[in-house]
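Biologist: Hey, got a minute to go through this model with me? I'd like to ask some quick questions as we look.

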Amino acid sequence: AQGELRARLAAIHADLGDRDSAIAHYRAALAQEDASLSMKALEQLGNLEVRQAVTLHEQKQHEAGQQMLESGETRLRAVLALQATSERHNLLASMYKRIGQARLRVPPEQLGHADWLAEMCRHYKTADGIAQKQGGVRYYPLLNWLDGQALQHAMGQDVMDQDKPLTQTALAAYLALAQENAIQHNRMEPGFFHAVAEIDAERTAALWACLSLTSGPAPLTDAA
């Protein structure tokens, strides 16, 4: 089937880092009469489009970048609407993170999404909640959420855990949970990212320790 062949070619190009070719093959797969692209392939296409959109914006191809970003975001929201999974919330959170990072190099008005940080944190926290219920990987969304919270704290914004302030006790518990989750997954299925997550948890802990020692925003407390 041409659709399946194109999707496989797209995955190969994506692994090689050739986003343009990967996107072209995925889109061609969708256009085939026998199109039966998996939800995983649609997720990957949306993710690739978002990544390529940021690259286009950085190359000052803002019109093309905007079109690509709209396409990627639409796909990611469409698969999320079909079924909310941890991975799909992670992908949307990652989109907002890339937009936030790009705002250092691209005029913010070209990228839009002024609420990128709040939305990034919201989707990572939701992804963690789903992973908790399903026994999935928690360290990835959890550590990214804590990084986002650290940035909010450094910017003098309120740092919330659901509907209440994040405390030092809760922060320590989340960091320990993320590290233990990484250890468990690395035992069950040894891999690079599982192993690196243990170190990443220590980096996040050090980041929060530095924030608490600065003269900037008041450090977290355990006050009710």
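Biologist: What does Ser94 touch, not counting residues up to four places away in sequence?

Modeller: Ser94 touches Tyr124 and Tyr140. Keep in mind that this is a predicted model.

Biologist: Where does Ser94 lie? And is Ser94 buried or exposed?

Modeller: Ser94 lies in helix α5. Its relative accessibility is 8%, so Ser94 counts as buried.

Biologist: Okay, staying with α5: at what angle do the axes of α4 and α5 cross?

Modeller: They cross at roughly 155 degrees, and the axes come within 9 Å. Here α4 covers residues 62-82 and α5 covers residues 86-102.

Biologist: So are α4 and α5 roughly parallel or roughly antiparallel to each other?

Modeller: Roughly antiparallel, because the angle is over 145 degrees. The crossing of α4 past α5 is left-handed.

Biologist: Which residues make that contact?

Modeller: From α4 you have Leu69, Glu73, Leu76, Arg77, Val79 and Leu80. From α5 there are Arg88, His89, Leu91, Leu92, Met95, Tyr96 and Ile99. Sorted by class, the contact of α4 with α5 has nine nonpolar, one polar and three charged residues.

Biologist: Let's zoom in on Leu80. What is Leu80 in contact with, leaving aside its neighbours within four places in sequence?

Modeller: Leu80 is in contact with Thr85, Arg88, His89, Leu92 and His123. Leu80 itself is in helix α4, and it is buried, with a relative accessible area of 15%.

Biologist: And how many Å apart are Leu80 and His153 in space?

Modeller: C-alpha to C-alpha, Leu80 and His153 are 29 Å apart, with their positions 73 residues apart in sequence.

Biologist: New topic, the start of the chain. How do the axes of α1 and α2 cross?

Modeller: The axes of α1 (residues 2-15) and α2 (residues 19-31) cross at roughly 165 degrees and come within 8 Å. That makes α1 and α2 roughly antiparallel to each other. This crossing, α1 past α2, is left-handed.

Biologist: Which residues make the contact there?

Modeller: On the α1 side it's Gly3, Arg6, Ala7, Leu9, Ala10, Ala11, His13 and Ala14. On the α2 side it's Ser21, Ala22, His25, Tyr26, Ala28 and Ala29. By class, α1 with α2 gives nine nonpolar, four polar and one charged residues.

Biologist: What about α2 and α4, at what angle do they pack?

Modeller: About 55 degrees, with their axes 14 Å apart. So α2 and α4 are oblique to each other. Once again the crossing is described as left-handed, with α2 passing α4.

Biologist: Which residues meet there?

Modeller: Ile23, Arg27 and Leu30 in α2 meet Met68, Ser71 and Arg75 in α4. The classes for α2 with α4 are three nonpolar, one polar and two charged residues.

Biologist: Switching to loops: which residue in the loop between α3 and α4 should I look at?

Modeller: Try Lys60. Lys60 has a positive phi of about 65 degrees although it is not a glycine. Most residues other than glycine have a negative phi. Lys60 also counts as exposed, at 67% relative accessibility.

Biologist: Does that come with a second example? What is the phi of His113?

Modeller: His113 has a positive phi of about 55 degrees, and it isn't a glycine either. You'll find His113 in the loop between α6 (108-111) and α7 (116-134).

Biologist: Now cysteines. How many disulfides does the count come to?

Modeller: Zero disulfides.

Biologist: Why is there no bond for Cys121?

Modeller: A disulfide needs the two sulfur atoms within 2.5 Å. The closest cysteine sulfur to that of Cys121 is in Cys210, and it is 19 Å away, so it's too far for a bond. Looking from Cys210, the closest cysteine sulfur is in Cys121, again 19 Å away and too far. Cys121 is also buried, with a relative accessible area of 5%.

Biologist: Last one: where is Ala178, and in which helix?

Modeller: Ala178 is in helix α9, residues 168-188. With 0% relative accessibility, Ala178 counts as buried. Leaving aside neighbours within four places in sequence, Ala178 is in contact with Tyr139, Leu142 and Leu143. Ala178 and Gly156 are 22 residues apart in sequence and 25 Å apart in space, C-alpha to C-alpha.

How values were computed. Residues numbered from 1 in each chain as written. Predicted model: local features only at pLDDT ≥ 70, side-chain atom pairs only at ≥ 80, totals over all residues. Heavy atoms only, no water. Buried < 20%, exposed > 50% of the residue type's maximum accessible area, 1.4 Å probe, protein only. Axes fitted to C-alpha atoms, helices over the stretch in contact; angles between N-to-C directions. Helix = DSSP H or I, 4+ residues; strand = E, 2+ residues; numbered from the N terminus. Parallel < 35°, antiparallel > 145°, perpendicular 65-115°, else oblique. Left-handed = near helix turned anticlockwise from the far one by under 90°. Contact = heavy atoms within 4.5 Å. Nonpolar A, V, L, I, M, F, W, Y, C, P; charged D, E, K, R; others polar.
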